[in-house]
Amino acid sequence: FEQELAYVKDLGLNTVRLEGKLEGDEFLDITDREGLLVMPGWCCCHVWERWDEWGEEDLPIAVAQLHDQILRLRGRASVFTWMNASDGPPPPEVEQAYLDTLKALGFPHPVVSSAHHEVSELTGPSGVKMKGPYEWVPPIFWYVDTTLGGAHGLATEIGPGPAPPPLESLKRFIPEEHLWPIGEYWNYHAGGGPFRTLGVFNAAMDARYGQPKSVEEYALKAQVAAYESHRAMFEAFGERKYTATGVIQWMLNNAWPGLIWHLYDYYLRPGGSYFGAKKGLEPLHVQYAYDDRSVVVVNSTLQGFEGMRVTARVFDLDGNERHTLMETVDVGPDASVKVLQLPEPKDLTPTWFAILTLEDPTGGVVSRNVYWLSTTEETLAWDDTEWYYTPVERYADMTALNKLAPAEVKATARFATSGDEGRARVTLENRSDAVAFFVRASVRKGEGGEE
């Protein structure tokens with residue numbers, strides 16, 4: 001719990017939703033201490049939401065369970081709400097029994113009928129939505145969607161689906177002889193129903209980045225794709241505050257080694273989804289909007305910042321600088337400010353880079369963000385939308401990344417220890433003229449040792 005909630009804070013998340021599987025007091029001790037909010041509630045996909053199957057004893061047992069849990073939760077500083085259901089509101093008689101119990105116990109926080117957008121007969125609209133996606137969608141989805149899970153309203157469970165772990169983790173749970181090509185041993189660690197394979201994710205990755213020819217190439221491209229997709233979701237919701245009022249990633253973590261739905265893997269190894277989410281959740285952050293090519297500063301702190309300088313530079317695939325834009329801006333507390341707009345990507349290589357920096361008045365870099373983009377506009381097949389995702393009609397083309405020349409990158413590090421905590425300060429230097437793309441630094445236990 002200490003390690004996982006340290007990850008939650010490092011990511012920049014402020015809330016953990018618990019769906020039915022309510023953690024023990026050790027978990028709540030940490031969230032109380034660390035100032036992390038907790039959103040508990042009933043579980044879906046279980047007898048406790050199959051109300052039409054209930055017998056005469058089920059309601060009294062459910063009320064007794066709710067009674068005991070609320071006694072445990074009501075005094076917790078980190079608990080700020082309770083959800084009386086997950087995937088739809090309870091029938092009126094069940095919801096009323098729950099409300100009576102919560103009132104009798106003096107539960108001090110708002111109570112929501114469910115994590116779903118379905119309107120309760122008893123208490124009306126929930127004020128939240130559960131409209132997916134749960135599968136991969138391109139970055140632009142989060143910006144242009146206006147009716148589903150895009151950046152509007154409060155999404156209680158949502159995400160861009162698969163996040164295959166880095167190669168080191170894949171080798172720990174997939175037998176060596178089944179690492180390549182992808183097959184049933186991989187699918188066993190995917191999900192159920194429409195998520196039983198990585199088909200949607202892999203098709204998008206093949207089209208956008210080029211079909212991998214080895215598990216090593218697949219694992220690297222999967223990190224790139226997961227970084228891109230998870231960063232976009234959090235950034236879109238940040239830019240649209242407060243038309244978009246919140247987003248809960250489905251999911252935070254997995255209960256066993258998995259290929260989908262996590263921000264860090266079963267072994268606590270951060271991958272593309274982790275670093276993409278962390279970048280998108282920077283407290284004071286410069287970002288690119290996929291819908292209109294604007295550059296936006298998002299401030300999630302309660303402090304205003306004056307005289308901040310935003311620089312946007314456009315590079316072609318060979319690292320040649322093609323455009324530079326600069327603007328000085330004041331950013332208010334808890335604000336989102338559109339600062340400038342990148343030009344249309346004309347006369348550029350099919351894949352190009354946008355490098356954004358945000359500097360304080362002294363020239364210190366506060367935020368830096370790098371995007372790899374395509375001159376091919378990505379479009380969605382809205383009419384073919386399923387409950388869990390919207391297919392792509394035309395993919396962006398980033399396959400030119402495969403043609404990048406090798407870069408010569410030197411890494412140096414200094415190590416220090418303070419109490420039980422070790423720190424490494426790492427400096428990366430590109431000593432070549434080639435673009436050094438998606439470099440991953442890791443601290444290891446000796447030469448060739450475990451991360």
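Colleague: What makes us say that both faces of β7 are covered?

Modeller: On one side lie L284, V286 and Y288, on the other H285 and Q287, and all are buried. Buried means under 20% relative accessible area, exposed means over 50%, and partly exposed is in between, using a 1.4 Å probe and protein chains only. Strand β7 spans residues 284-288, and five of its five residues are buried. Before we go on, this is a predicted model, where local features need pLDDT of at least 70 and side-chain atom pairs count only at pLDDT 80 or more, while totals for chains, interfaces and linings use all residues. Residues are numbered from 1 along each chain as its sequence is written, and side-chain values use heavy atoms, leaving out hydrogens and water.

Colleague: How do you know that β7 pairs with β8?

Modeller: Two strands pair if DSSP finds at least two bridges between them. Five bridges join β7 to strand β8 (residues 294-299), therefore the requirement of at least two is met. The two strands run antiparallel, and V286 has V297 as its bridge partner in β8. The names come from DSSP runs numbered from the N terminus: helices are H or I with at least four residues, strands are E with at least two. The hairpin of β7 and β8 has five residues between the strands, and there R293 takes a positive phi near 65°.

Colleague: What is the strand order in the open sheet of four strands?

Modeller: The order is β10-β9-β12-β13, and the pairing is antiparallel. Here β10 (321-331) and β13 (365-374) are the edge strands, because each pairs on one side only, pairing needing the bridges that DSSP finds. On average, neighbouring strands of this sheet are turned by 15° against each other, direction ignored. That angle uses axes fitted as lines to C-alpha atoms (for helices over the stretch in contact), and angles run from 0 to 180 degrees between N-to-C directions.

Colleague: How many bridges join β9 to β10?

Modeller: Nine bridges join strand β9 (residues 305-315) to β10, and the two run antiparallel. As an example, T311 has M326 as its bridge partner in β10. Strands of a sheet pair through backbone hydrogen bonds, either parallel or antiparallel.

Colleague: What makes the contact of R17 and E157 a salt bridge?

Modeller: A salt bridge is a side-chain nitrogen of Lys or Arg within 4 Å of a carboxyl oxygen of Asp or Glu. The N to O distance for R17 and E157 is 3.0 Å, therefore the pair qualifies. R17 is in strand β1 (residues 15-19) and E157 in strand β5 (residues 153-158), so the pair ties together parts that are 140 residues apart in sequence. R17 counts as buried at 16% relative accessibility, and E157 counts as buried at 6%.

Colleague: Why is E451 called partly exposed?

Modeller: E451 has 31% relative accessibility, so its value falls between the two cut-offs. Its salt-bridge partner R269, by contrast, is buried at 6%. The side chains of E451 and R269 meet at 2.9 Å, N to O. This pair links distant parts of the chain, 182 residues apart: E451 is in the segment after β17 (421-430), and R269 is in the loop between β6 (244-249) and α10 (272-280). Both also belong to a network of salt bridges that links E168, R269, R440, R444, E450 and E451. The structure holds 29 salt bridges.

Colleague: How do you know that H262 is buried?

Modeller: H262 has 2% relative accessibility, which is under the cut-off, so H262 counts as buried. H262 lies in the loop between β6 and α10. Leaving aside neighbours within four places in sequence, H262 is in contact (heavy atoms within 4.5 Å) with residues including A163, P165, H230 and S273.

Colleague: What does the side chain of H262 reach at 2.8 Å?

Modeller: It reaches the backbone oxygen of A163. The side chain of H262 also reaches the backbone oxygen of I260, at 3.4 Å.

Colleague: Why do C43 and C44 not form a bond?

Modeller: A disulfide is a pair of cysteine sulfur atoms within 2.5 Å. The sulfur of C43 is 5.2 Å from the closest cysteine sulfur, in C44, so the distance is too far for a bond. The structure holds zero disulfides. C43 is buried at 13% relative accessible area, whereas C45 counts as exposed at 64% relative accessibility.

Technical notes: Polar contact = N/O pair within 3.5 Å; in protein donor to acceptor, adjacent residues only side chain to side chain.
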